[in-house]
Amino acid sequence: MTTYQNITENAEEKTYERLFCSQEITAGIRGYLIFLSAFNVLLAICSSLGNILILIALHKETTLHAPSKLFLRSLATTDLLVGVISEPLTITYWMSAVRKQQDDCYNALFTSFIASYLLCGISLLTLTAISVDRLLALTLGLRYRQVVTVKKACACVIMFWIVSIIFSAMYAQNVRITIWYSHIVIPVSFFTSVSSYTKIFWELHHQEIQVRGNIIQREQSSNSSSAALNISQYRKGVSGVIWLQVAVAVCYLPHGIITALWTYSEQSSAIIVLRQFTITLVYFNSSLNPLLYCWKISEVRQSVKELLRRTLCCLLI
């Protein structure tokens, strides 16, 4: 008995896996699946190479605060695994459907769902931790480096991985548990991140008003300039992680909408095609993030430039 059959015995109605891998729906969308498979091969290569480059750059980077760097490394690792695991599995079940290999399609689709729930869950939790970390950096001031330590950040990352692994593995026994886990993680992560960034901008606005008031006194002018510079640097750091959050929202939201349409409307080949395109958009996020690191985080950008320069020099010698 295949893994897929074990899953479907749990379901009360015909599952997405069975419908996708059957010929009644996929017979008319083979051209789309071939195109998406070819496109995702390119995305997988870009995601893998880009995130390997980012992980090496982060390893060599020494100016970033260690806990903050650890969260970025965790996020880059999940993006790397998307390119190495999730996308190849998705390409496998697409091409298995095209070739009418139902057992291979069922098993690859089932495994890709587990991998996707795992990696997406870790990514969302890590992004939430980054937003809270940036808030603590602002509100704790000089006590930040004493309170937010590498050990605590490492414990958070390990907890994210363990919890995500457990609830993703539950997909093999009870699909509803994994789905309800995603229904909890997504809104909680979104609410926490939005609340953190709202609090950050409110605190920044309050501090800027205080700095402007102090500029009146000449003796405090130099201190005020230094404070303004620190705020400016902090704003740039926050801007970088906010762009990561925005990219996740833009790439994930269409898939959530299409999944809701699939659940509450008539199941048709058009919805299935749209769902495959939104899955590709989700995977695109893992290829986009390395570009955002280089664009918005100056420390990472400088480290990547130096790494590329040394690599090119070695190749030319």
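1. Helices (H or I, at least four residues) and strands (E, at least two) are taken here as DSSP runs, numbered from the N terminus. By that definition Ala66 belongs to helix H5, and the protein as a whole has twelve helices and zero strands, so that its elements, read from the N terminus, run α-α-α-α-α-α-α-α-α-α-α-α.

2. On the basis of the note: this is a predicted model, in which local features need pLDDT of at least 70 and side-chain atom pairs count only at pLDDT 80 or more, while totals for chains, interfaces and linings use all residues. Residues are numbered from 1 along each chain as its sequence is written, and side-chain values use heavy atoms, with hydrogens and water left out.

3. On burial: a residue is called buried under 20% relative accessible area, exposed over 50%, and partly exposed in between (1.4 Å probe, protein chains only). Of the 317 residues of the protein, 44% count as buried. Ala66 is partly exposed, with a relative accessible area of 35%, and its C-alpha atom is separated by 9.9 Å from that of Lys151, although the two residues are 85 apart along the chain. Ala270, which lies in helix H11, is also partly exposed, at 44%; the C-alpha atoms of Ala270 and Ile29 are separated by 8.7 Å, with their positions 241 residues apart along the chain.

4. On the nonpolar surface: Tyr32, Phe35, Phe39, Leu42 and Phe277 make a nonpolar surface patch of about 500 Å². Patches are made of residues with over 30% relative accessible area and no salt bridge, like charges being joined within 9 Å and nonpolar side chains (Val, Leu, Ile, Met, Phe, Trp, Tyr) within 5 Å; the accessible areas come from the Shrake-Rupley method with a 1.4 Å probe, and for residues only the protein chains shown count as cover. Helix H4 (residues 30-60) gives the most to this patch, with four residues. Phe39 has its place in helix H4 and is partly exposed, with a relative accessible area of 34%.

5. On internal space: a search of the whole structure finds one cavity of 30 Å³ or more, and the largest cavity has a volume of about 50 Å³. A cavity is a set of points, on a 1 Å grid over the protein atoms alone, where a 1.4 Å probe fits but cannot get out, and lining residues have an atom within 4 Å of a point; grid points are joined across faces, edges and corners, and a volume is the space filled by probe spheres set on the points. The largest cavity is lined by Asp79, Val82, Leu119, Cys120, Ser123, Tyr252, Val282, Tyr283 and Ser286. The elements that give two or more residues to this lining are helix H5 (66-98), helix H6 (102-140) and helix H11 (269-296). By character, the lining divides into six nonpolar residues, two polar and one charged, where Ala, Val, Leu, Ile, Met, Phe, Trp, Tyr, Cys and Pro count as nonpolar, Asp, Glu, Lys and Arg as charged, and the others, Gly among them, as polar.

6. On salt bridges: the structure holds four of them, each being a side-chain nitrogen of Lys or Arg within 4 Å of a carboxyl oxygen of Asp or Glu. Arg134 forms one with Asp133, the closest N and O atoms being 3.1 Å apart; Arg134 counts as buried at 15% relative accessibility, and Asp133 is buried with a relative accessible area of 4%. In helix H9 (residues 175-214), Lys199 and Glu203 lie four residues apart, about one turn of the helix, and their side chains meet in a salt bridge (3.3 Å, N to O); Lys199 is partly exposed, at 38%.

7. On the bridges of helix H12: the side chains of Glu306 and Arg309 meet in a salt bridge (2.6 Å, N to O). Because they are three residues apart in helix H12 (residues 298-316), Glu306 and Arg309 are separated by about one helical turn. Glu306 counts as partly exposed at 30% relative accessibility, and Arg309 likewise at 44%. Salt bridges that share partners join Glu306, Arg309 and Arg310 into one network.

8. A backbone point to check by eye: Lys100 has a positive phi of about 65° although it is not a glycine. Most residues other than glycine have a negative phi. Lys100 lies in the loop between H5 and H6 and is exposed, with a relative accessible area of 51%.

Key
1 Å grid on protein atoms, 1.4 Å probe; cavity = no way out; pocket = protein on both sides within 12 Å on 5 of 7 lines; lining within 4 Å.
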